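Here is a quick tour for someone who likes to have the coordinates open while reading. Pull up the structure and follow along.

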Amino acid sequence: MKFVLKSISKNSGRLGQLRIKQSKELQTPLLLQTTKGGSIPYLSAEVFDLVSQEHQQVLQLTLSTMDQMSESLAQWNRSLSDYVGYPGYNTLLLLRDPCETTPTGGNDRDVVPLFTRHGKESLTAARYMDMVANFAPDVYQGLCDADTNPESTKKRVQKSVDRTERFMELCYEQHSKLARLKDSTLLAPIVGGYSTFARTQSIKHARQQPAGSYGGYILEGFHTNGLAATELKAAQLLPIVEHCVQQLEEEQPRLMPGAYTPLLLLELIRLGVDVFDSSYAYCAATNYKALTFSYVRDKAEHAAFLDVTDEAIKEDFKPLLEDCSCLSCQKHTRAYIHHLYKTHELLGTILLMIHNLHHYMCFFEAIRASMAADQLPELIEHVRMQNTTAEVNYRIEPNNKVVGKAAMGKGFIAAAV
Amino acid sequence: MSSSKIPPLTYKVVAECSVSKARAGLMTLRHSEVRTPVFMPVGTQGTLKGVLPDQLIELDCQIVLGNTYHLGLRPGIETLKLAGGLHNFMGWPRAILTDSGGFQMVSLLQLAEIDERGVNFRSPFDNSECMLTPEHSMQIQNAIGADIMMQLDDVVKTTTTGPRVEEAMERTIRWVDRCIEAHARDDDQSLFPIVQGGLDVPLRERCVSALMERQVRGFAVGGLSGGESKHDFWRMVHVCTDRLPRGKPRYLMGVGFAADLVVCVALGIDMFDCVFPTRTARFGCALVDSGQINLKQQKYKHDMQPIDEACECSTCKRYTRSYLHHIAASETVSSSLLSVHNVAYQLRLMRSMREAIQRDEFPQFVRDFMARHFGRDPIPSWIREALAAVKIELPPDAAQEQTASS
């Protein structure tokens, strides 16, 4: 993996180019496609092709949703991306699924808990590296204890740093030994919760490694994934990230997985974080919210979401978002997607996911364009206010509504009496 | 309007098998041309579960089925009317067929009762007593706007015997007249009557004759595929297709297993529907010529082949059985992937039958198919008998052959 910085601006973050293996050059800030079980959530590869004409994206795969495939992959002699139905794509393997809350606890001196659909597995560093070797991803993260959030105690934070150091000793060693990983790039994990002291220690450990030991950083331990990431406060998160970024090697890309809100994500980009994932788009879709925020400066007021569960759109035949060029908005209406929600039809979340991913990919293009024009602060302000009088709330409320029989159409009954 | 001059359904026989009753046809509807014999995937609530309309078009699907009962409840006819019909509502540009809603009521609602006025049922909405009459069924189906709609019929359990069967058949004929009378969009939608009469040959014959006196553009054969013996099943189909007019399409309701499709095409049926291919997909099963394979089974864990080497669907082009095995139980995308394959399988089977009929090689197609489908297992006697009735002889079973030669 090769990373080249194109420009750094005081207020507009940094633009770069990432080349993973034989891929074309990917522009940073980069959006990784989050996946579950190797597939983009709800979408088959055929459908994703309808969403994106860009055929060399990076899939963010997670061991917690793919652990059961490890043995099969050991027997697979083609690429990991071929196995999951995305030939030609690049793959980046993470431990935890940023789309779902990672349960806390289960950490120990020598093991990291891997929470899967089948229960919990305790991973030693050796076992972890063997599994990674089976997957043979293009890029993968080093094993770390990232079970920290804004509430973590000093003791927990310190343990996460100390244990991560120990895990990484073995990861670095195995990384250079395992034949199946000779073309893979390792990301050095930076942990340490919200403690500047602990973060500095974690960064020092990575920077002590001989040159070429790793090809980038992954910053974790700010949240425990899922909707928790959407609840983080800028005032809390930004200072600690800024503290980290200042000490990281400039020439290495920095990844922060998780469903950060669009606003927080922009602030992180301004600080110099380079790579993110689409879990926010997923979290919105799975809670029946279509992303409608605007990333093109204009005069109209915009809302963060359209709530598809809202009765008010039952007979609204407009697209989810007017002027959107995605397949869902080109061919389907709010009323239809509302109906699919009410009838628990799979196509509802498929159409929402198509829209949200499309929206998020376009958002990233707009981000890069505004950075190139040195106008990131203006974009941040636009996303913050959306031309309204108060800061827009981008938090995702979980959808706990139950579709009752009372929601059934009365039209039938009207016809039949 | 010029469209009112062309009937909303025209059908012509394109080729006929010189041996059996099989035929290939072209049915032209307002929204699509449909090449028959055709399998219609079921999109109960205005969607084929987990599959985009664009994907169905990619599979060359020409017509889907919607369920009047479900659509009447949700989104309801007021919403459908405002949307300008189901085609607009679901974003499906091609043809749609709707059932009458009666069958679903009788099968889903415990309290449904039938009398001369219609089907009495308790509303799942507020438990109040309601009535679905032939007129109401037409009203709802007119709002849905499907290319082909079904009359409300008096549905009895397939295994019912005695005077109730005759009563249901007679009532179905009386109700078709009420449906024809109430049908308000005959310029856009074609109403099919339904042949009833249980497992009783004279009743079936009387029903066909009576329905043929009505001005209709096609016929459905109902009241089968509900637990009756296969020996009764094929005979009833055979009796009906013997008498139904050559120049109109014939739809056999609720049939969709591969072997049944092949036999019934041989008996002269043109249209089929069944939830089976998409339902079984949700349970992790994929259709293949030998039947279906359950991808959840351990034996597929390291199987690096596609479901079917010969299949051209997007699932078989990209995914291995091994990968599908691993996601079958955990990721919802697996049901989309298997639904696409299973619908592709059904459509490909129909397409190969159509092509075989056009080449007049249908009997050989049937023999090859049965050999692939049953492999070393004996071919069920009802299939042998049904095919023999239309002069398609199958070779003796491998097992019998062995005993004969020894």
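What follows walks through some annotated sites, a couple of helices and the place where the chains meet.

Keep in mind that this is a predicted model.

**The annotated aspartates of chain B**

Let's start with the UniProt record. An unreviewed entry there lists Asp99(B) and Asp273(B) under "active site". They are spread over 175 residues of sequence, but they cluster in space, with a largest C-alpha distance of 10.6 Å.

Asp99(B) sits in the loop that runs between strand 6 (95-98) and helix 5 (102-108) of chain B. If you skip the neighbours within four places in sequence, its contacts are Asn67(B), Thr68(B) and Met150(B). Asp273(B), for its part, belongs to strand 15 (residues 271-274) of chain B. Again leaving out neighbours within four places in sequence, Asp273(B) is in contact with Met40(B), Val42(B), Leu65(B), Met253(B), Gly254(B) and Gly256(B).

**The annotated binding site of chain A**

UniProt also places a "binding site" feature at Cys324(A), Cys326(A), Cys329(A) and His355(A). These residues span 32 residues in sequence, yet no two of their C-alpha atoms are more than 8.5 Å apart, so they gather at one spot.

Cys326(A) is in the loop between strand 15 (305-307) and helix 11 (327-331) of chain A. Not counting residues up to four places away in sequence, Cys326(A) touches Val51(A), Ile354(A), His355(A) and His358(A). His355(A) comes from helix 13 (residues 346-372) of chain A. Setting aside neighbours within four places in sequence, the contacts of His355(A) include the annotated Cys324(A), Cys326(A) and Cys329(A), along with Ala290(A), Leu320(A) and Ser328(A).

**Buried or exposed?**

Here is how some residues of this tour come out, including a proline discussed just below.

| Residue | Other C-beta atoms within 10 Å | Status |
|---|---|---|
| Asp99(B) | 29 atoms | buried |
| Asp273(B) | 22 atoms | buried |
| Cys326(A) | 23 atoms | buried |
| His355(A) | 28 atoms | buried |
| Pro262(A) | 23 atoms | buried |

Pro262(A) lies in helix 9 (residues 262-271) of chain A. Beyond its neighbours within four places in sequence, Pro262(A) is in contact with Phe293(A), Phe363(A), Val383(A) and Tyr394(A). Take Phe293(A): it is 31 residues from Pro262(A) along the chain, and their C-alpha atoms are separated by 8.9 Å.

**Helices worth a look**

How far does helix 14 (residues 333-358) of chain B reach from its first C-alpha to its last? It covers 37 Å with its 26 residues, close to the 38 Å expected at 1.5 Å a residue. Of those 26 residues, 20 are buried, so helix 14 of chain B is largely enclosed by the rest of the structure. After this helix comes Asp360(B), which has a positive phi near 55 degrees.

Over in chain A, helix 5 (residues 125-135) packs against helix 6 (residues 154-177) at an angle of about 35 degrees, and their axes are 9 Å apart. The crossing of these helices of chain A is right-handed. On the helix 5 side, Ala125(A), Ala126(A) and Met129(A) meet Phe167(A), Leu170(A), Cys171(A) and Gln174(A) of helix 6. The residues of this contact divide into 6 nonpolar, 1 polar and no charged.

**Where the chains meet**

Finally, the interface: 47 residues of chain B are in contact with 45 residues of chain A. On the chain B side, helix 3 (residues 77-83) gives the most, with 5 residues. That side divides into 20 nonpolar, 20 polar and 7 charged residues.

Definitions and conventions. Residues numbered from 1 in each chain as written. Chains lettered and ligands numbered in written order. Predicted model: local features only at pLDDT ≥ 70, side-chain atom pairs only at ≥ 80, totals over all residues. UniProt positions renumbered as here; feature names shortened; annotations may be inferred. Helix = DSSP H or I, 4+ residues; strand = E, 2+ residues; numbered from the N terminus. Buried ≥ 20, exposed ≤ 12 C-beta atoms within 10 Å, placed from the backbone. Contact = placed C-beta atoms within 7 Å. Expected span 1.5 Å × (residues − 1). Axes fitted to C-alpha atoms, helices over the stretch in contact; angles between N-to-C directions. Left-handed = near helix turned anticlockwise from the far one by under 90°. Nonpolar A, V, L, I, M, F, W, Y, C, P; charged D, E, K, R; others polar.
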